[in-house]
Amino acid sequence: RGQLPLAPTPICGGPVYSLGRWVIASWLRGAARARLEGREHIPATGPLLVAANHVSDLDPPLLAALFPRPLAFMGKAELFEPRWLGWLFAYAGVIPVRRGATERRSLDRALAVLARGQAVAVFPEGTRYASGVLGRAHPGVGLLAARSGAPVLPVAILGTERIVTIGDWLRRPRLIVRC
C-alpha cells in the first residue's frame with residue numbers, strides 16, 4: 001500500500017480545521033438543534049483523549065463543531081482517498097489508521113499530539129454501529145491512555161442515528177454531544 005498523505009505534524013486546530021469547524025457550526029445552527037452537555041467535564045488545557053461512540057458519518061463533524069477545544073481525530077485510512085481529499089484531512093488534523101492492522105505510526109502521531117497538551121478524538125470501536133449498540137473497543141484507545149497519561153473523556157453522541165434521509169433534516173433534529 002502507498003504512503004498516506006500526512007501533514008508534517010498532526011495539526012490540531014489549524015486553519016483547515018478552523019474553517020471546517022466554522023462552516024459546520026454555522027450550518028448546524030439552522031439545520032438542527034445541536035447542543036453540548038457536560039462542558040464542565042472538559043479540561044480547558046492539557047492533553048485529553050476524547051472517546052466517543054460512532055453511529056453516523058455526521059459524528060466527527062458534529063463533535064468538532066460543538067467541542068470547545070480543537071480535536072485531532074483518528075480516522076480510517078479510506079478517508080484519505082482520493083489523494084486531494086487525503087491532503088485536506090491531513091491538514092485538518094486527521095490521523096489515518098489502517099483498520100485491522102497494528103498502526104505504530106498512527107499511535108505515535110496521536111501520542112505526539114497529546115504530548116503537546118492537545119486533544120485527540122477516537123472512536124474506540126473503530127467503525128460505525130448504526131444499531132446504537134456499542135461494539136467491542138479496540139485496544140488502541142487504552143494504549144494511548146496508558147502511554148500518554150492523558151485523562152480520558154467519555155462522550156456520547158446522540159441523535160445522529162435518526163438522520164437517514166434529507167427529509168430527516170426538515171424536522172431540525174435534536175443532536176446532543178454529552179460529556
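**Exercises: core and sheet**

Set Leu71's neighbours within four places in sequence aside, and Leu71 is in contact (heavy atoms within 4.5 Å) with Cys12, Tyr17, Val50, Leu63, Ala64, Ala119 and Ala121. The model is predicted: local features need pLDDT of at least 70, side-chain atom pairs pLDDT 80 or more, while totals for chains, interfaces and linings use all residues. Residues are numbered from 1 along each chain as its sequence is written, and side-chain values use heavy atoms, leaving out hydrogens and water.

**Exercise 1.** Find which members of the largest nonpolar core touch the most other members.

*Solution.*
- Apply the definition: buried Ala, Val, Leu, Ile, Met, Phe, Trp, Tyr and Cys residues, joined through side-chain atoms within 4.5 Å. Buried means under 20% relative accessible area (1.4 Å probe, protein chains only).
- The core has 33 residues; Leu63, Phe67, Leu71, Phe73 and Val155 touch the most other members.
- Elements that each supply at least two residues include helix H1 (15-31), helix H2 (59-66) and strand S3 (71-76). Helices (H or I, at least four residues) and strands (E, at least two) are DSSP runs, numbered from the N terminus.
- H2 gives the largest share, five residues.
- Another core lies apart, with 16 residues, among them Leu49 and Ala72.

**Exercise 2.** State which strands stand at the edges of the sheet.

*Solution.*
- Write the order: seven strands form an open, mixed sheet, S1-S7-S6-S2-S5-S3-S4. Strands pair if DSSP finds at least two bridges between them.
- S1 (33-37) and S4 (95-97) are the edges; each has a single partner strand, so one side of each lacks a neighbour in the sheet.
- Look inside: three bridges join parallel S3 and S5. Ala72 stands opposite Val120 in S5.

Conventions: Buried < 20%, exposed > 50% of the residue type's maximum accessible area, 1.4 Å probe, protein only.
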